[in-house]
Amino acid sequence: MRLAGAHGSRSLRAVARGTGGGGGGGAGGQVRSKSASTPSVLRTSSAVHRQHTGFKRREYGLQWYQSRDALLQADPGPVLVGTSYEYAKGERVTQARKYSAFQSHEDYWEVVNDRLNDGLLHNLHEVLQEREARCLYFDLDGPPSYRAIHNEIISLLRQYVWWFFGGERRGWRPEALEPVVLTSEDPNKYSAHVVFPEVQFRDHAHQEEYIKVLLSALPALTVDMPDGSSLPLLEKLVDCVPYSRFQLFRGPYACKLKQGQLRADTCLEPEGYFRSDPLAAFASHVDPGYALALPSVEQLLAENEELRHFRNSRSSSISLSARRGQNGMVSSVDEANLFQPLFQMLGEGELDLVGMTDVEQFETALKWLHPYRATQFWSWFRLSGVTYSMLARYTDDPGARRRIWDAHFAWSRGYEHFDLEENAHMVETKQGHRVSGLSLLTRLARFDNPGMTVRETVMRIAFSGLERPRKKPAAEVVRAAA
């Protein structure tokens, strides 16, 4: 594999120096050093901690709304933001988001900077709206051991972006693609946000054209480990979820909220600023003066055989998972998360769903999913929606509902930190939102078993229940299951 890199053509296959084998990283890499221009006051004991419980209409000098629809109806400023708060729901404390807006990114930065100077924590998230411009950004997550090779990770990510866009072919200057890197000291994980201010997209649709291809080719970059194995480092670290049409993304110096407190060790501090511009740390801020001219996706694929191979391979496997007559298109977020090659298992045979009721198909298809899906957030998130759609079909049928819940819980128990109440709550939160039906689940079963023939009828056969009492709330389901 060849990489057109800033230092001339070289193999995209990197060589690990002193890192541990497998996916856990190691301690042999160069430890990063903080820029002297970015104070770490928010990670010290002097930082002020305040309770963030209950909905507050006024906070950070802004008027807040409990939903994005309410915010948009209020005709807010152009720079939307969100923040988290917690509230009690029965015996459970749950987290929610509220929304507001600034008139400009300068105003947004002024609030962040004032809180930084006063030693105050904040939880402000950028909101990337569907029709608004944005920069290329990444969310990196992994075990804390990866922090030891942070500099190498950022260097490889930069090289990968250079290779993807064909920087050498474009004649881009060697210092191009300088990222803004924001890191935290979260002891539980390696976490970094990376923004490339020079790679700009007109809107979400424009971003989606590139992101689908960019994420599908992440396995192209592999690291040679000391034991002779290869590690697809970026595929393991890049979070493929935060690219939705209405995307929240933690901004500079933002902290995570837990148990009513903002955690100072999760503060995302910039290591430096692109051309000394603090606004370049916002993924939702674009400066046309920074923009590089991007080739079309078609041009990138035409000139890069290896990129074309990865894209065609992913597209083919996704298309084959669609039922005959079913629209094979999926969103970039689903493509990057639900349809990963790592979910595909070896083996042949036949899965015959013909003649089964929809409840029986639901129970059966869950058993044919790759076990790792239960540990992946996006699979759990999306399949919770399928469970909700099934429950909605049987609002007045306790027998069917009991079987649906049992099947969902049995599948989700594949996650080592399974929590029954948390699972019921996740399903319950789907109320009022668009969710997928049984066809998504059976499609994932086909994708996870590419060597298997899956037979099913287009018409669903309804489960025939008995008595039809009122709908039970999730809390009642949890008590019954327990």
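**Ser284, strand β8 and the nonpolar cores**

Trainee: In this predicted model, does Ser284 count as buried or exposed, and at what relative accessibility?

Mentor: Buried means under 20% relative accessible area, and because Ser284 falls below that cut-off, it counts as buried. The residue lies in the loop between β17 (269-270) and α7 (297-303). Its relative accessibility is 15%.

Trainee: Which residue's side chain does the side chain of Ser284 join in a polar contact?

Mentor: Leaving out residues up to four places away in sequence, Ser284 touches His105, Glu126, Leu128 and Ala133. Within that list, the candidate to look at is a residue of strand β8 (residues 125-128), where it is buried on one side together with Leu128. The polar contact spans 2.5 Å, and the partner of Ser284 is Glu126.

Trainee: Which residues of β8 lie on the side opposite Glu126 and Leu128?

Mentor: In a regular strand the side chains alternate between the two faces of the sheet. Both faces of β8 are covered, with Glu126 and Leu128 buried on one side. On the other side, likewise buried, are His125 and Val127.

Trainee: What is the bridge partner of Val127 in β14?

Mentor: Strand β8 is joined to β6 (residues 79-89) by two bridges in an antiparallel arrangement, and there Val81 stands opposite Glu126. With strand β14 (residues 247-250), β8 also pairs in the antiparallel sense, over four bridges. In that second pairing, the partner of Val127 is Leu248.

Trainee: How far apart in space, C-alpha to C-alpha, are Ala96 and Thr83?

Mentor: Ala96 has its place in strand β7 (residues 92-102), and because its relative accessibility is 17%, it counts as buried. Setting aside neighbours within four places in sequence, Ala96 is in contact with Thr83, Ser84, Tyr85 and Tyr87. Ala96 and Thr83 are 13 residues apart in sequence, while their separation in space is 8.4 Å.

Trainee: Which helix gives the largest share of the largest nonpolar core?

Mentor: In soluble globular proteins, nonpolar side chains tend to be buried together. The largest core here has 122 residues, of which Leu136, Phe138 and Leu140 touch the most other members. Ten of its residues, the largest share, come from helix α3 (residues 150-165).

Trainee: How many residues make up the other core, which includes Leu80 and Phe246?

Mentor: Leu140, in the largest core, touches residues including Ile153, Ile154 and Leu157, not counting those up to four places away in sequence. Apart from that largest core lies another, with Leu80, Ala101, Phe246 and Leu248 among its members, and its size is seven residues.

Note on methods
Residues numbered from 1 in each chain as written. Predicted model: local features only at pLDDT ≥ 70, side-chain atom pairs only at ≥ 80, totals over all residues. Heavy atoms only, no water. Buried < 20%, exposed > 50% of the residue type's maximum accessible area, 1.4 Å probe, protein only. Polar contact = N/O pair within 3.5 Å; in protein donor to acceptor, adjacent residues only side chain to side chain. Contact = heavy atoms within 4.5 Å. Pairing = 2+ DSSP bridges. Core = buried A, V, L, I, M, F, W, Y, C linked by side-chain atoms within 4.5 Å.
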